[in-house]
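Okay, thanks everyone, let's get going. I'll put the model up and then walk you through it.

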2 protein chains.
Amino acid sequence: MSLYAIVLAGGSGTRLWPLSRGEMPKQFLAVCGSSDTLLQQTIKRLLKLTSHERLRVVASGRWKPLIAHQLSCIGMKGNFLIDEPDARNTAPAIALGVAGLIDGGACEDDVVLVCPSDHIIADEGEFSRAVGIAEKATAGGSIVTFGIKPTSPDTGFGYIKAAGSGDEWLDVDSFVEKPDEQTARGYLESGNYYWNGGIFCFRVRDIIAAFRDYFPECAHIFDAPPEDRARCFMSSPSESMDYAVMEKARNIVCVPLDAGWSDVGSWDAVYENSPSGENGNATVGNVELYGGASSLVIGHERLICGIDLDSMIVVDTPDALFVAPRGSSQKLRGIVKQLSERHHDETVEAPESARPWGTYRVLSKGDRHKIKRIAVSPGGRLSLQYHMHRSEHWVVVQGTAKVVIYGHGDESKPKERLIHEGESVFVPKGHLHRLENPGRIHLEIIEVQIGEYVGEDDIARVEDDYSRAD
Amino acid sequence: MSLYAIVLAGGSGTRLWPLSRGEMPKQFLAVCGSSDTLLQQTIKRLLKLTSHERLRVVASGRWKPLIAHQLSCIGMKGNFLIDEPDARNTAPAIALGVAGLIDGGACEDDVVLVCPSDHIIADEGEFSRAVGIAEKATAGGSIVTFGIKPTSPDTGFGYIKAAGSGDEWLDVDSFVEKPDEQTARGYLESGNYYWNGGIFCFRVRDIIAAFRDYFPECAHIFDAPPEDRARCFMSSPSESMDYAVMEKARNIVCVPLDAGWSDVGSWDAVYENSPSGENGNATVGNVELYGGASSLVIGHERLICGIDLDSMIVVDTPDALFVAPRGSSQKLRGIVKQLSERHHDETVEAPESARPWGTYRVLSKGDRHKIKRIAVSPGGRLSLQYHMHRSEHWVVVQGTAKVVIYGHGDESKPKERLIHEGESVFVPKGHLHRLENPGRIHLEIIEVQIGEYVGEDDIARVEDDYSRAD
């Protein structure tokens with residue numbers, strides 16, 4: 001019997017806008033003083049309990065480049081990613097993960113730990129201890145949900161009501177909806193209510209049985225061969241693990257977790273979980289504060305100067321700035337929705353976009369020109385493409401680029417050249433071309449696009465993006 | 001007898017940082033809802049009272065490119081600029097201006113109006129009326145100072161105490177220092193105290209006489225030939241017009257001015273003088289506010305989203321951001337001083353720098369590369385120069401560039417080429433080169449610098465910058 005782990009990284013969300021975007025969900029951000037992203041923190045945390053081979057990340061294929069990039073940064077390679085064909089909430093995603101683990105050699109008696117990818121846990125020792133208890137509980141056939149010891153009457157979480165108080169794990173009386181403030185206060189005082197953090201632990205045999213009993217519409221995922229699983233997944237109803245299984249099964253127990261957990265669900269939560277310095281101010285980047293206290297100021301390269309900022313939140317990014325008093329950040333979610341309805345692309349597009357071959361960032365936009373910094377990973381290759389309305393100048397700032405440019409209207413004779421650091425190449429409008437990094441180090445180029453139209457959608461791909469790292 | 005005008009544009013200052021910088025003083029900024037800069041507003045205001053030929057701008061030569069650029073934008077050309085060799089406060093600057101006007105044909109009986117370049121006056125009709133009264137007063141040999149009708153017990157201004165109350169102009173009892181709050185309240189109630197706005201009006205003969213009587217150390221400027229004036233100016237003590245002349249002369253009168261005047265001396269003043277929209281918020285740029293009231297939010301291209309901002313000030317620029325509650329902006333002056341002592345170049349350098357040939361703006365900086373957008377005015381020409389540590393790629397985004405590049409170590413055979421829109425050229429490290437705009441429209445190029453060092457000081461100029469517009 002050994003421990004396997006599933007990380008759910010499918011979530012989207014803009015509650016930490018402008019750092020989080022439609023194209024850059026929370027789990028891919030580094031916040032609260034860590035240089036690791038929430039996903040990286042989650043993986044590192046789990047690798048203390050199990051091994052690379054026993055870990056799977058379930059997420060939409062659209063995040064594959066980002067996940068591959070972030071996990072390669074912490075030394076993780078290989079096929080750990082399980083493609084979530086569509087958003088179906090947590091239950092079908094977990095079934096997909098378990099099926100994937102079985103492909104990878106997990107047996108009926110092996111234990112699986114399921115974790116969201118966008119939470120922080122300050123006390124990893126306590127977390128490991130709790131997981132140990134959960135493993136024990138699963139040995140008796142129990143399905144474990146971790147109950148987060150509440151630290152405030154939070155109305156943003158569902159609660160787990162424990163029955164009585166075992167010394168290690170507790171029976172579950174019921175799962176209760178997000179309460180109002182007053183009810184939440186009662187829960188906090190009573191002492192036997194816990195936040196539902198969406199962390200689960202079970203044996204393979206028990207979760208399969210539970211799915212067959214309580215969520216059969218999804219259980220056929222376990223019987224399907226890998227190539228047929230996506231279809232089964234798509235035919236499954238969208239349901240959360242709590243509704244589909246936990247609230248119905250009888251073999252549910254709760255393992256209390258008091259380990260500095262947070263879902264980092266708002267800028268207020270980020271402030272509360274960030275290391276604060278003088279006057280309780282938490283700052284990131286090039287920030288100078290004079291007077292004021294208890295503020296969160298997150299910047300990057302630009303100088304930020306704040307005077308007498310009391311309990312304020314300032315989040316600065318290359319293309320968008322957010323300012324609000326603490327306590328108002330809860331309203332952000334709805335407001336970002338309004339911003340996107342008003343076609344503010346900054347709610348969706350991230351200043352830096354990830355692609356299978358690397359990343360790019362727009363440095364400057366004009367009516368007739370656009371400037372990008374493009375980073376191509378070693379082995380990365382962009383699609384064979386051409387543009388109707390723009391020519392492109394590429395200047396290599398670092399590394400070596402392999403550039404193929406076809407003659408106009410003559411796809412037969414491509415010119416292939418190696419462009420070295422400090423050199424440049426011109427790609428005329430309408431010419432089929434391809435950019436590749438044949439080297440061992442990252443390739444960084446500055447692209448100057450010029451033409452009557454420089455929108456991202458002026459691209460005709462003859463082949464798809466491709467990357468050896470991919 | 002006709003009206004001449006002197007505009008004092010020598011002032012520096014960073015009270016409106018980060019919009020104002022060491023290299024971009026207040027008078028060159030457009031604030032309070034106008035698309036004209038304070039200097040442009042001042043000139044336009046005066047051109048309703050006098051003509052181009054009768055107007056002079058006194059300022060340090062370092063501002064010549066900026067002033068020439070801003071004034072050409074409002075259709076003013078020619079030699080209206082009088083070079084202030086050094087900062088000597090207002091009295092020597094005014095003497096220099098008057099001497100310049102005499103060169104330009106002003107006679108002893110002509111009347112001169114002296115205005116700072118960084119104030120706003122909302123009611124131009126009222127201002128013109130007051131100037132008319134001042135001209136009448138000067139006919140009797142009086143030297144006029146305009147007394148701004150105070151609207152608040154401001155402790156930031158000196159006050160003029162009027163003696164009695166003439167119907168058009170008033171005798172001056174005394175000039176009083178910046179008062180404390182309580183004294184200022186008394187002044188406001190008494191009704192015969194006025195803010196000293198530094199606006200003067202006098203006949204040429206009378207001001208020369210006054211300088212000879214009360215500030216002789218400076219009066220020899222009037223006797224010196226143009227080529228010797230700079231030396232006289234440098235030998236004059238530094239003194240304000242008030243100390244040097246106004247507080248001593250007996251023929252001083254005060255013309256009350258109640259015309260929506262402001263020296264725009266702080267962000268609070270900018271807010272008070274800006275058109276405000278919903279909930280009393282004043283915004284500039286791409287700003288979305290939800291909730292909150294009475295705030296000033298100044299942005300540019302980047303999206304700014306504010307929630308529940310009450311009486312806050314947010315000023316965003318490409319390289320620096322300022323956030324503070326209204327009322328705290330007074331502290332900015334001292335704090336910017338501290339920032340510059342900590343070597344934050346953003347206090348001195350402006351995101352966009354003006355040169356005799358045009359402007360440039362840094363789009364992106366790295367250890368080994370820097371990207372600039374360079375705009376060269378028609379006829380503008382950069383110095384013949386070379387760089388030790390960097391090569392340069394120029395991509396023409398708009399217009400046509402004339403580029404001269406010399407062979408390495410071979411100054412004899414320069415290659416001259418015309419680079420058109422969409423084309424590019426490479427300037428190798430160490431090669432002598434020159435960039436020029438021979439065309440009729442603005443030339444815009446993207447410069448990508450690459451090298452082991454990309455600091456502004458890696459430039460060896462063989463000839464100075466030069467511009468036909470200059």
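Let's start with a small one: in which loop of chain B is Pro18(B) found? It's the loop between strand E1 (3–8) and helix H1 (38–47) of chain B. Keep in mind that this is a predicted model. The reason I'm pointing at Pro18(B) is the backbone: the peptide bond from Trp17(B) to Pro18(B) is cis, with omega near 5°. Over in chain A, the bond from Trp17(A) to Pro18(A) is cis too, with omega near 10°. Pro18(A) sits in the loop between strand E1 (3–8) and helix H1 (38–46) of chain A.

While we're on backbone oddities, have a look at Asn279(A). It isn't a glycine, yet its phi is positive, about 55°. You'll find Asn279(A) in the loop between helix H10 (267–272) and strand E12 (282–284) of chain A. For context, most residues other than glycine have a negative phi, and most peptide bonds are trans.

Right, on to how the chains go together. Chain B superposes on chain A by a rotation of 180° with 0.0 Å of shift along the axis, at an RMSD of 0.1 Å. So the two copies are related as by a two-fold rotation axis. And the same surface serves both: 100% of the contact residues of chain B recur in chain A. Which residue of chain B comes closest to the rotation axis? That's Leu363(B), with its C-alpha at 3.3 Å.

Now the interface itself. Each side puts in its share, 53 residues from chain B and 53 residues from chain A. Together they bury about 4400 Å², with 61% of that on carbon and sulfur atoms. On the chain B side, Arg302(B), Leu303(B) and Ile307(B) lose the most area to chain A, together 15% of what that side buries.

What about the polar side of things? Between chain B and chain A we count eight salt bridges. One to click on is Arg342(A) with Glu288(B), a salt bridge whose closest N and O atoms are 2.5 Å apart. There are also 34 residue pairs in polar contact across the two chains. Strand E17 (residues 320–325) of chain B gives the largest share of the side that touches chain A, six residues. By class, that side of chain B has 28 nonpolar, eleven polar and 14 charged residues.

Last thing, stay on E17(B). It pairs with strand E15 (residues 303–310) of chain A in the parallel sense, over four bridges. Within that pairing, Ile304(A) has Leu321(B) as its bridge partner.

Methods: Residues numbered from 1 in each chain as written. Chains lettered and ligands numbered in written order. Predicted model: local features only at pLDDT ≥ 70, side-chain atom pairs only at ≥ 80, totals over all residues. Heavy atoms only, no water. Least-squares fit on C-alpha atoms with pLDDT ≥ 70 in both. Contact = heavy atoms within 4.5 Å. Buried area = accessible area lost by both parts, 1.4 Å probe. Salt bridge = Lys/Arg side-chain N within 4 Å of Asp/Glu carboxyl O. Polar contact = N/O pair within 3.5 Å; in protein donor to acceptor, adjacent residues only side chain to side chain. Helix = DSSP H or I, 4+ residues; strand = E, 2+ residues; numbered from the N terminus. Nonpolar A, V, L, I, M, F, W, Y, C, P; charged D, E, K, R; others polar. Pairing = 2+ DSSP bridges.
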